[in-house]
Amino acid sequence: MVQLTWPRRLVVICRGETAAEVVLREAEERGCQEVLLEPGASRSPLSARGLETAREAGKRLFATAIRPHAVFVAPELAARQTAVQVLRAIGLELEEDLPAAHSLISGAKSWGKLGELGFVWPAVRGSAPGTVRVEIWQEERLRDRDEGALLGLTSLGRKKVMAAFRNTPGILFQRPPGGESHADVALRSRSFLAELGRHFAGETLLL
């Protein structure tokens, strides 16, 4: 028998659109270069469209009959809200209000277990429902790219800032002031994926 050294299935769902992204898009349509976002952009909630697309993603996941053994959530508010909407759509009983979503992972550390929730999956494709326990973890390495000085800039403003990197070899290694390059994000993402193979081999995971 071949021993699995990697999760059997990884389901990756991107967080929904945030209210801050809506403001930036509207500013760009007006020709603006910068928007003064409130401190703590990572606390920007999902927009109405973001909430709807998160629910739709959950419905599509439910229709596939794929059921995760563990869920990993990025620390941003929008990611947590997305997770709540997806999990509710696939049968997990969670409160929809934001305080409940926030309390689900308050005080959690990187690779820290948020909780273990038991619930009954509805019958899918003729299968009998059964009680399942799902582990929920917060994972800092799944967070959005730190954009540093690019935060709050529309594409017009970003072009001016990034013009200083014109002679840098390789766009993957261009790092905005105070932020991360795409290579930085890839490094922490690969570190996280490597740990999944050691701790969750053969399981179905939702990121």
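This briefing walks through two helices and a few individual residues of the structure above. Keep in mind that the model is predicted. We begin with helix 2, which covers residues 48–63, and then see how helix 2 meets helix 3. After that come helix 6, which covers residues 182–199, and some residues outside the helices, among them A65 in a loop and R8 in the segment before strand 1.

**Helix 2: two sides of one helix**

- Helix 2 is built from 16 residues, and the distance from its first C-alpha to its last is 23 Å. That is close to the 22 Å expected at 1.5 Å a residue.
- Which residues of helix 2 are buried? They are G50, A54, G58 and L61.
- Looking down the axis of helix 2, you would find these buried residues within an arc of 80 degrees, so they line one face of the helix.
- A general rule helps here: an α-helix has 3.6 residues a turn, so residues three or four places apart point the same way.
- Turn to the other side of helix 2 and you meet exposed residues: A48, R49, K59, R60 and A63.
- What do the buried residues of helix 2 pack against? Their partners are strand 1 (9–11), helix 3 (77–89) and strand 5 (204–206).

**Where helix 2 meets helix 3**

- The axes of helix 2 and helix 3 come within 7 Å of each other and cross at roughly 40 degrees. This crossing is right-handed.
- From helix 2, the residues taking part in the contact are L51, A54, R55, A57, G58, K59, L61 and F62. From helix 3, they are T82, Q85, V86 and A89.
- Sorted by type, the residues of this contact are seven nonpolar, three polar and two charged.
- Try finding Q85, which sits in helix 3. Q85 counts as buried because its relative accessibility is 4%, and buried means under 20%.
- Q85 and A54 are 31 residues apart in sequence, yet their C-alpha atoms are 5.8 Å apart in space.

**Helix 6 and the loop before it**

- Helix 6 has 18 residues and reaches 26 Å from its first C-alpha to its last, close to the expected 26 Å.
- The buried residues of helix 6 are V185, R188, F192, E195, L196 and G197.
- These buried residues pack against strand 1, strand 2 (70–73) and strand 5. Strand 1 and strand 5 also appear among the partners of the buried residues of helix 2.
- Is S181 buried or exposed? S181, in the loop between helix 5 (155–162) and helix 6, is buried, with a relative accessible area of 1%.
- Leaving out residues up to four places away in sequence, S181 touches R145, L172, F173, Q174 and R175.

**Two residues to look up: A65 and R8**

- A65 comes just after helix 2, in the loop that leads to strand 2.
- Phi of A65 is positive, near 70 degrees, although A65 is not a glycine. In general, most residues other than glycine have a negative phi.
- A65 is partly exposed, with a relative accessible area of 31%.
- R8 lies in the segment before strand 1 and counts as exposed, at 57% relative accessibility.
- How many residues apart in sequence are R8 and G202? They are 194 residues apart in sequence, while their C-alpha atoms are 4.4 Å apart in space.
- Setting aside neighbours within four places in sequence, R8 is in contact with G202 and E203.

Notes:
Residues numbered from 1 in each chain as written. Predicted model: local features only at pLDDT ≥ 70, side-chain atom pairs only at ≥ 80, totals over all residues. Heavy atoms only, no water. Helix = DSSP H or I, 4+ residues; strand = E, 2+ residues; numbered from the N terminus. Expected span 1.5 Å × (residues − 1). Buried < 20%, exposed > 50% of the residue type's maximum accessible area, 1.4 Å probe, protein only. Arc of directions from axis to C-beta. Contact = heavy atoms within 4.5 Å. Axes fitted to C-alpha atoms, helices over the stretch in contact; angles between N-to-C directions. Left-handed = near helix turned anticlockwise from the far one by under 90°. Nonpolar A, V, L, I, M, F, W, Y, C, P; charged D, E, K, R; others polar.
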